[in-house]
Amino acid sequence: KDHVLQRAIKITRQSPDLGEYDPLTQADSDESEDDLVLNLQKNGGVKNGKSPLGEAPEPDSDAEVAEAAKPHLSEVTTEGYPSEPLGGLEQKAASSLVSYVRTSVFLLTLGISMILVLLCAFLIPCPPRDLHSTWSRHLGSQGGGDLSPLELADVNGDGLRDVLLSFVMSRNGSAVGGSRPAANLVCLSGMNGSTLWSSLLPEEARDITCLELMPGSLAETVCLVTGTHKMLSAFNATSGKAIWTLNPNYLSNGTLAAPVVVLPDLDEDGVRDLVVLAIGELQPDLCFLLVSGRTGSPVGRPVKYNIVGVGNLIGPQVYITTNGAVYILFGFGNIQAVALRDIFVQAQNRDSSPPSLQIEEPEWEKRRSINLSELIDVYSDGVELLQMVKAPDSNCSNLLITTRQGLVLLRGQNLTPYWTLRLQGLRSQPTPGYFTDDQTLDFLLQIQDGVGMKKMMVVDGDSGSVVWSYRAPCHMKETPATSAVTSDRKSVFLFWAEGLSAASPNSDIILGTEPPSLHHLYLLHPAFPSILLDLANTTGTVTASEVGINDLWKDAFYVTRTTGPSSEGHPAALVVSKLSLRWALMEGQMAQLQESTPKIGRGELRRFLSRIKFVEAPYEVSGC
C-alpha cells in the first residue's frame, strides 16, 4: 500500500486537475488507504495497478514511473480527454492569422463590389425614361404650304423615335417670294423636342420616309424626301447631311406626282433601289424612273405609259405576291398594275431581267388585256384611296379600296372581292386596328354626316359589317385618326372631335358644350365601347399625327402637327406636340356615351388602363 500511495502522490502532483496534495492532511484523515485508492481510481489515476490507457504494469522504481508517465501525459488528462498540444500557442496564433486574412479579403471584396455598384448607378447613363414625356414645341410661323409631312424615326440611337417634319419658311410674316418657296427639314428630339438638326430644301416637301436601304443590323437610317416639283433627296438621319440628290434634268418636263417608292435591289449593289412617278403637263403622260438607292442616279431611262382616267392619282405602290412577283399599282380614279420586270426591261433597253424579277403571279397575269398589254386591270370603279392591309394568318396583304360608293376589300392573291360596304361621304383613309376578337384587322372610318358633324364607325374586317358607331360634332376637316396595338392584341383608336356631352341612349344627336374652336383627342378601347377617354384638346387645326412605340417602357406616344388660326398678313403658327399615351390614359376624363350594364366605375376603368402595354403594330406590310 505504501508503494501505491507514493505512486499516487507523484502522479497527482503532475496533474493539475487533481488539485494540490497535502501529505499532512492526508495523514490526519480517518479515511483508510483503501478509500484513497478507490478515490484515485475514480479520478482516473490508477485502475487495478494499470495506467489509464491500459498499458502494462509500471516498473517499481520512481525513475521508471516518471519516464513512463511523460509520453502519456501529453496525450490524455486525468479525466480521459485529450490535453492541449505542446505547440498550442503557435497553432492558435496561426489560426488567428488565417481568420484575420479571411475577414480582410471578404471586407475588401465587399468594398470593391459596393464601389462598382455606385459607379454603375452614377456614371453609366440609364436608358431614358419616357413614361411622362409630354412636350410641345413652337416652330414659329409657317409661310403657306398645303402639305404636312410628318415622320418618326430614331436618329440618335437613344431608343426613342424622333420627329421629322418639313414646312415652308416665312420671312417677315410673309412667305418667301417665288413660285416655289424654300422649306426647312427639321428633326426634333423625341425626348424633349429640342432641335437635333435642320436642313434647307429648295422646295416644299411632299413626303418624308425614313428607313434602312441597306440590309443588316449596322445599316444607317436614310430619310428620303420627295418634293412637290422635282426634288428627290436622301439625307443621313443622324447628321441631317444630304447623301445624294436626283438631278432634276432626268425628269425632263415632268414633275413628281407622288412620294418615292422603295423597291428590291435591282442593280445588285447591295442597296435597295427606288422608283418615282412623274407626270407631264397633260394627264396621259406618265413615266416611271428607276433610281439607284446608293447614288441617286437613274437605273436606265424613263418608262412612259399613256393612261386616261378620271379622279385622284392612285399610287404608285409596290405589291409583292405570294410567289414573289413584284407589281407596281397606280392609276387615275382606277387601279392598274404593271410588273416591275416590264419597267426594268424597258428602262435598260434589253430583253432580260434579273432572276428575282422573272417571277409571275398567274392570277394577276390572267387580267392582262387581250392584246397582251403591259397593264393589268385591278379595279376601276371610282377609286379614291388605296392601302395595303395585312391578311389574317399570313404575311401577305389584301387591298383595301376606298371608292365614292363605299369600301371594298380585295384578296391580294387573286384580286377577287372579299366584301363590299356601301357608304356615302367617306373621304379619309380608314384606320386599321384590332377591335373584335377574331385577330382580323378592323377599320375605323370617319364619315361626313351633315354640317359640322361626322360619324365614327368601326367595320369588322372579316365580314364588312359595322360593329360600332357614334355621331360627334366636328368642324375640323379631314382630321387624322390613328391606332396603337396593345400587348393583348387589341387596338386603341384615336380621333378628334369637339366636346361631347351626355346623351340619352335613344338619341343620335350629340351637342357640343364648347365653342367649335376647341377640339378634343378621344380614345376608344374595344373593351369599353360605351366610353370615350378625353386625353387632350387644342384650339388649332391638326394637320398630321403619328403614333410611335417606346419598346423599352411598353408605352406609345402620340405626335401631332398643329397650325394655329391665321389672319390677314399673319401666317399660322406651327406647333409640334408629343403626348405619352400611358400617362394620358391615367389623367384622361371619361365621357360616357350610353348607359352600360353593369355600370363601369372610375376605379375599375383606371385599374384596367394601368395594365395596358403597347407594342409595335404587326400589320405594316406591302405584300407577301
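Which strand does Ser233 lie in? Select Ser233 in this predicted model and the strand that comes up is β10.

**Stop 1: Ser233**

Stay on this residue and show its surroundings. Ser233 has a relative accessibility of 4%. Buried means under 20%, so Ser233 counts as buried. Leaving aside residues up to four places away in sequence, Ser233 touches Cys223, Leu224, Val225, Trp244 and Thr245. With one of these, Thr245, there is also a side-chain to side-chain polar contact of 3.0 Å.

**Stop 2: the hairpin of β10 and β11**

Now widen the selection to residues 232–236, which form strand β10, and residues 242–245, which form strand β11. The two strands run antiparallel and are joined by 3 bridges. To follow one of the bridges, select Ala234; its partner in β11 is Trp244. Trp244 is also among the residues that Ser233 touches. Then move to the turn, where 5 residues sit between the strands. Gly240 in this hairpin has a positive phi near 80°.

**Stop 3: the hairpin of β33 and β34**

Go next to residues 541–550, strand β33. Is this strand largely enclosed or largely open? Of its 10 residues, 7 are buried, so β33 is largely enclosed by the rest of the structure. Add residues 555–563 to the selection to bring in strand β34. β33 and β34 pair in the antiparallel sense, over 9 bridges. At one place in this pairing, Thr541 stands opposite Thr563 of β34. The hairpin has 4 residues between its strands, and Lys554 takes a positive phi near 55°.

**Stop 4: a nonpolar patch**

Select Leu108, Ile112, Ile115, Leu116 and Leu119, and turn on the surface. Together these residues make a nonpolar surface patch of about 480 Å². For the backbone beneath one of them, show helix α5, residues 88–122, in which Leu116 lies.

**Stop 5: the whole chain**

Clear the selection and colour the protein chain by secondary structure. How many helices and strands does the protein chain have? There are 9 helices and 37 strands. The protein chain has 624 residues, and buried ones make up 46% of them. Among contacts with a separation of 6 or more, 51% are between residues 24 or more positions apart. With the surface on again, the protein chain exposes about 31,600 Å², and carbon and sulfur atoms supply 53% of that area.

Key:
Residues are numbered from 1 along each chain as its sequence is written. This is a predicted model: local features need pLDDT of at least 70, side-chain atom pairs count only at pLDDT 80 or more; totals for chains, interfaces and linings use all residues. Side-chain values use heavy atoms; hydrogens and water are left out. Patches are made of residues with over 30% relative accessible area and no salt bridge: like charges are joined within 9 Å, nonpolar side chains (Val, Leu, Ile, Met, Phe, Trp, Tyr) within 5 Å. Accessible areas come from the Shrake-Rupley method with a 1.4 Å probe; for residues, only the protein chains shown count as cover. A salt bridge is a side-chain nitrogen of Lys or Arg within 4 Å of a carboxyl oxygen of Asp or Glu. Buried means under 20% relative accessible area, exposed over 50%, partly exposed in between (1.4 Å probe, protein chains only). Two strands pair if DSSP finds at least two bridges between them. A polar contact is a pair of N or O atoms within 3.5 Å; within protein, one must be able to donate a hydrogen and the other to accept it, and residues adjacent in sequence count only if both atoms are side-chain atoms. Contact means heavy atoms within 4.5 Å.
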